[in-house]
Amino acid sequence: MEFQVLAADDWKLLRDVRLQALKDSPGAYISSYETEASWTEASWRRSFADALWVVLRNGRRIIGLARSLRVEGRPPDERHLEAVWVEPRHRRTGVMRALLLYLTELEPDVHNWLLWVLDHNAEALEAYERLGFQPTGERQQLTDSSGRTEVRFRRSAVSIP
Ligand SMILES: CC(C)(COP(=O)(O)OP(=O)(O)OC[C@H]1O[C@@H](n2cnc3c(N)ncnc32)[C@H](O)[C@@H]1OP(=O)(O)O)[C@@H](O)C(=O)NCCC(=O)NCCS
């Protein structure tokens with residue numbers, strides 16, 4: 001197993017794994033396979049701006065993906081975790097925990113990790129709570145007329161349980 005921080009020149013690799021995630025878990029994300037399958041090279045490269053894309057590889061195969069995003073206007077010690085995905089056969093084996101620990105090591109000055117989860121995504125809600133994230137109490141309806149709602153979680157950068 002090997003961690004890797006992707007560079008913008010790895011955009012094709014990112015596209016492949018992200019499209020795999022969107023196809024595998026369409027209910028987990030706001031975006032869709034159809035939307036991102038139509039993205040240009042420039043769009044994929046833009047997704048690296050102010051962000052770290054990290055993967056966990058098992059040989060050539062990518063088994064975990066996550067994006068850590070610095071949001072303009074937010075405190076510098078805060079990051080938003082996005083696009084988390086673990087290949088189904090490797091779920092519940094600690095891949096997401098390992099990705100989070102890796103990000104924590106990469107960005108030691110980050111003290112607050114924030115993320116939004118769709119409120120029907122029971123497995124992600126459970127997993128994040130197991131990893132020490134707590135609801136902030138914020139809840140918002142998506143603006144895409146789907147009627148879906150997402151809830152926000154936060155974890156300080158103290159050790160992951
Ligand atoms: C949610 C997801 C990322 C979890 O990844 P994972 O690698 O299986 O998680 P881990 O193995 O690191 O587990 C971390 C903790 O969560 C728990 N957990 C993981 N999946 C769980 C589930 N489905 N139900 C209950 N607990 C779960 C684990 O037991 C572990 O806690 P423990 O060590 O105290 O037992 C993975 O299920 C996934 O990719 N789902 C589809 C995409 C998705 O929903 N992404 C999140 C978008 S916000």
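Two residues are in contact here when heavy atoms of theirs lie within 4.5 Å. With that in hand, welcome to a tour of this predicted model.

**Figure 1. L65 and its neighbours in a view of strand β3.** L65 sits in strand β3. Leaving out residues up to four places away in sequence, L65 touches L14, V17, R18, W53, V54, V55, A83, V84, W85 and L99. Is L65 buried or exposed? L65 counts as buried, because its relative accessibility is 0% and buried means under 20%. For a sense of distance, take R15: L65 and R15 are 50 residues apart in sequence, and their C-alpha atoms are 11 Å apart in space.

**Figure 2. R67 and its polar contacts, also in a view of strand β3.** Here we stay in strand β3 and turn to R67. R67 is buried, with a relative accessible area of 13%. Which side chain joins that of R67 in a polar contact of 2.7 Å? The partner is E82. A polar atom of the R67 side chain also lies 2.8 Å from the backbone oxygen of S47. Setting aside neighbours within four places in sequence, R67 is in contact with S47, A49, A51, L52, W53, H80, L81, E82 and A83.

**Figure 3. The salt bridge between E87 and R61.** The side chains of these two residues meet with N and O 3.6 Å apart. E87 lies in the loop between β4 and α4, and R61 in strand β3 (residues 61-69), so the pair ties together parts that are 26 residues apart in sequence. The two partners have their own degrees of exposure: E87 counts as buried at 6% relative accessibility, while R61 is partly exposed, with a relative accessible area of 38%.

**Figure 4. Q20 of helix α1 and the residues it touches.** Q20 has its place in helix α1, which covers residues 11-24. Apart from residues up to four places away in sequence, Q20 touches W85 and E87. How far apart are Q20 and W85 in space? From C-alpha to C-alpha they are 9.5 Å apart, though 65 residues separate them in sequence. Q20 is partly exposed, with a relative accessible area of 35%.

**Figure 5. The largest pocket and its lining.** This view shows a pocket holding about 1,200 Å³ of space. Two or more lining residues come from each of these elements: β4 (78-86), α4 (95-106), β5 (112-118) and α5 (122-130). Which element gives the largest share of the lining? That element is β4, with 7 residues. In total, 42 residues line the pocket, and V84, W85, M96, A124 and Y128 lie nearest its centre. You may recognise two of these names: V84 and W85 are also among the residues that L65 touches.

**Figure 6. The salt bridge between R139 and D119.** The side chains of R139 and D119 meet at 3.0 Å, N to O. R139 belongs to strand β6 (residues 134-141) and D119 to the loop between β5 and α5, so the pair ties together parts that are 20 residues apart in sequence. R139 is exposed, with a relative accessible area of 55%, whereas D119 counts as partly exposed at 32% relative accessibility.

**Figure 7. E150, a buried residue with no salt bridge.** E150 lies in strand β7, residues 149-156. Its contacts, leaving aside neighbours within four places in sequence, are I30, W116, V117, L118, D119, E138, R139, Q140 and L142. Both partners of the previous figure, R139 and D119, are on that list. Why does E150 have no salt bridge? Its nearest side chain of opposite charge, R152, is 8.0 Å away, and a salt bridge needs a nitrogen and an oxygen within 4 Å. The E150 side chain does make a polar contact with the side chain of Q140, at 2.6 Å.

**Figure 8. More salt bridges, with D144 and R148 as one pair.** Side chains of opposite charge can pair when their charged atoms come close. In this view R148 forms a salt bridge with D144, and their closest N and O atoms are 2.8 Å apart. D144 counts as partly exposed, at 33% relative accessibility. Elsewhere, D9, E41 and R45 are linked in a network of salt bridges. How many salt bridges are there in the model? The count comes to 14.

Terms used. Residues numbered from 1 in each chain as written. Predicted model: local features only at pLDDT ≥ 70, side-chain atom pairs only at ≥ 80, totals over all residues. Heavy atoms only, no water. Helix = DSSP H or I, 4+ residues; strand = E, 2+ residues; numbered from the N terminus. Buried < 20%, exposed > 50% of the residue type's maximum accessible area, 1.4 Å probe, protein only. Lys, Arg positive; Asp, Glu negative; His and termini not counted. Polar contact = N/O pair within 3.5 Å; in protein donor to acceptor, adjacent residues only side chain to side chain. 1 Å grid on protein atoms, 1.4 Å probe; cavity = no way out; pocket = protein on both sides within 12 Å on 5 of 7 lines; lining within 4 Å. Points joined across faces, edges and corners; volume = space filled by probe spheres on them.
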